[in-house]
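Colleague: Hi, can you walk me through this one? I'd like to start with how a residue gets called buried.

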Amino acid sequence: MSEDLLSYELDNDIALIGINRPEKRNAMPEAMFADLGRLADKAGQEARAAVLFGHGPHFSAGLDLADLARRLKENGGKRPPHAGPYMPHIAFDKIARGRIPFVAALSGAVIGAGLEVAAATHVRVADDTAFFALPEAQRGIFVGAGGSVRIQRLVGNARMTDMMLTGRVLGADEAYAQNLVQYRVDEGKAIEKAKELATVIAGNRVETNWSITQGLSRVNDMSYDDALFVETLIGRNAASAGTERLLDFLEKRAKPLAPHPAPRN
């Protein structure tokens, strides 16, 4: 079962979900997508933030094409329907629009479906070894786990079209410049930075984090006027529910803001 290829651990308020198939560069059989969705649901019930990472040197080399080819052969050359309640993009929505924010720790290969699941997280950290690609055209397939929506919104139509048509590979610096990742760190430091960020995020009010992860993505889909209306509703609700945090600030109990070192580029 693909559930055996995923790890799950609670570290205080942080859920750690790992793709655990290092001998295959963490290539994912399609059944794993639904299991990731289930673990995202589990994390939302038990934690305040989550970190998604890959065991070994690679985050994920994408869809397990050997598994796909076997299932195509068994199904007379047609892609079999997805089992269970989760289509791939719906499973990854359990991350993108679930109960808690997700931080991705990225190293080595972040390719195809690996990039699709990384794009479903809210904050992405890449180390020096990370490289990013969408080789679906070269394999005769198409993105199928929400990448045409999520990745395109991060990098834009022209960049994603280029990556898919030509198989262009972006290094970590290029990925940072193209908005695929928000943080750059030294080799081997991605998981450490991701945990640090998740800990900060977990310190926010649960309701505020939910408003940010749910509200911003939906506002981005709306017309100008509708977006401003929804922002007003969310903002008023957040201010009413967050009175204690406002008083902490006004009465000087809150930790003051301080600049952090700029992300590497």
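Modeller: Sure. Buried means under 20% relative accessible area, while exposed means over 50%. Keep in mind that this is a predicted model.

Colleague: Okay, let's try that on Arg150. Is Arg150 buried or exposed?

Modeller: Arg150 has a relative accessible area of 14%, so it counts as buried.

Colleague: And where does Arg150 lie?

Modeller: It lies in helix α6.

Colleague: What is Arg150 in contact with, leaving aside its neighbours within four places in sequence?

Modeller: His89, Phe92, Asp93, Ala96, Ala119, Ala120 and Ala145. Two of those, Ala119 and Ala120, belong to α4 and take part in the contact between α4 and α6.

Colleague: Tell me about that pair, then. How do the axes of α4 and α6 cross?

Modeller: Helix α4 covers residues 113–120 and helix α6 covers residues 147–155. Their axes come within 9 Å and cross at roughly 65 degrees. That makes α4 roughly perpendicular to α6, and the crossing is left-handed.

Colleague: Which residues make the contact?

Modeller: From α4 you have Leu115, Glu116, Ala119 and Ala120, and from α6 there are Gly147, Arg150, Ile151 and Leu154. Sorted by class, five are nonpolar, one is polar and two are charged.

Colleague: α6 also meets α7, right? At what angle do the axes of α6 and α7 cross?

Modeller: Roughly 120 degrees, with the axes coming within 7 Å. Helix α7 is residues 157–166. The two helices are therefore oblique to each other. On the α6 side the contact uses Gly147, Ser148, Ile151, Gln152 and Val155, and on the α7 side Asn157, Arg159 and Met160.

Colleague: What's the mix of classes there?

Modeller: Three nonpolar, four polar and one charged.

Colleague: And what about α3 with α4?

Modeller: Helix α3 is residues 88–96, and its axis comes within 8 Å of the α4 axis, crossing at roughly 35 degrees. Phe92, Ile95 and Ala96 of α3 touch Ala113, Glu116, Val117 and Ala120 of α4. That contact has six nonpolar residues, no polar ones and one charged one.

Colleague: New topic: the nonpolar core. Which members of the largest one touch the most other members?

Modeller: Phe102, Leu106, Phe132 and Leu180, out of 48 residues in that core. There is also a second, separate core of 16 residues, which includes Ile14, Ala105, Ala190 and Ala194.

Colleague: Back to Phe102. What does Phe102 contact, beyond neighbours within four places in sequence?

Modeller: Ile17, Ala40, Ala43, Ala50, Leu52, Ile95, Thr121, His122 and Val123. You've met Ile95 already: it is one of the α3 residues in the contact with α4.

Colleague: Last thing, the backbone. What is unusual about phi at Asn12?

Modeller: Most residues other than glycine have a negative phi. Asn12 has a positive phi of about 55 degrees, and it is not a glycine. You'll find Asn12 in the loop between β1 (6–11) and β2 (14–19). With a relative accessible area of 71%, Asn12 is exposed.

Colleague: How about Arg25: what is its phi?

Modeller: Near 55 degrees, so to speak another positive value in a residue other than glycine. Arg25 lies in the loop between β2 and α1 (31–46).

Colleague: And what is the relative accessible area of Arg25?

Modeller: It is 38%, so Arg25 is partly exposed.

Definitions and conventions: Residues numbered from 1 in each chain as written. Predicted model: local features only at pLDDT ≥ 70, side-chain atom pairs only at ≥ 80, totals over all residues. Heavy atoms only, no water. Core = buried A, V, L, I, M, F, W, Y, C linked by side-chain atoms within 4.5 Å. Buried < 20%, exposed > 50% of the residue type's maximum accessible area, 1.4 Å probe, protein only. Contact = heavy atoms within 4.5 Å. Helix = DSSP H or I, 4+ residues; strand = E, 2+ residues; numbered from the N terminus. Axes fitted to C-alpha atoms, helices over the stretch in contact; angles between N-to-C directions. Parallel < 35°, antiparallel > 145°, perpendicular 65-115°, else oblique. Left-handed = near helix turned anticlockwise from the far one by under 90°. Nonpolar A, V, L, I, M, F, W, Y, C, P; charged D, E, K, R; others polar.
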